[in-house]
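Reader: I am new to this structure, and I would like a close look at a single part of it, the surroundings of the ligand. Please take me through that part step by step.

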Amino acid sequence: MTEQQNLPASPVHLRSSEHGEAALVSFYEQVGGRPTFEKLVAEFYRGVAGDPVLKPMYPEDDLGPAAERLTQFLEQYWGGPGRYSERRGHPRLRMRHVAYKVNPDARDRWLSHMRDALDTLELSPLHEATLWDYLQRAAHSLVNTFEE
Ligand code: HEM
């Protein structure tokens, strides 16, 4: 197996082949690492805290622990440290959301807070589009009811 095949299935890699050496930089690093994901999630939860549909869904009154879980999940997904799985095991996101009523309204609210949060990051258009595409697909995949 080549070194390349051993890498985790992180979505985007930048490859430069100066002097025949392959340099791989994860998407996580390209967008600025931990501070970028921390800011994204902090801004997102600021929106959730004021959302009359989403806020009551969160089991804890303090959104801090949920924010940390989402930050670690996103960091891991994009090629950063694997802290999420060290703490929580396999993500199994659909299973972890069955306890919550994720209907199209909840999904759209979730995405709208995420869109606002993403806009505060001022990423390059390609990075922004990559992240947004993923977040939209993930949110659509987690809808588990069409009940109002
Ligand atoms: C579609 C609308 C969504 C709603 C209404 C929703 C709601 C929730 C709620 C209420 C929790 C429990 C809070 C906690 O204990 O952490 C949670 C957990 C979580 N959500 Fe979502 N979520 C949505 C979409 C997403 C998406 C798109 C992602 C990933 C890109 C995501 C990732 C997570 C993660 C990683 C956790 C923590 C799971 C754990 O380790 O227990 N969620 N979500």
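Author: A residue is near a molecule if one of its heavy atoms lies within 4 Å of it. This is a predicted model, in which local features need pLDDT of at least 70 and side-chain atom pairs count only at pLDDT 80 or more, while totals for chains, interfaces and linings use all residues. Residues are numbered from 1 along each chain as its sequence is written, and side-chain values use heavy atoms, with hydrogens and water left out.

Around the ligand there are 20 residues, and the closest are R69, Y84, R88, H97 and W110. Several helices (DSSP runs of H or I, at least four residues, numbered from the N terminus) contribute to this shell: α4 (64-77), α5 (83-88), α6 (93-96), α7 (104-119) and α8 each supply at least two residues, and the largest share, four residues, comes from α4.

Some of the closest residues also make polar contacts, that is, pairs of N or O atoms within 3.5 Å. A polar side-chain atom of R69 lies 2.8 Å from an oxygen atom of the ligand, and for R88 the distance from an N or O atom in its side chain to a ligand oxygen atom is 2.6 Å. With W110 the partner is instead a nitrogen atom of the ligand, which is 3.3 Å from an N or O atom in the side chain of W110.

Helix α8, which spans residues 125-141, also holds H140, a residue that an unreviewed UniProt entry lists under "binding site"; such annotations may be inferred rather than shown by experiment. The side chain of H140 reaches the backbone oxygen of Q136 at 2.8 Å.

Definitions and conventions:
Polar contact = N/O pair within 3.5 Å; in protein donor to acceptor, adjacent residues only side chain to side chain.
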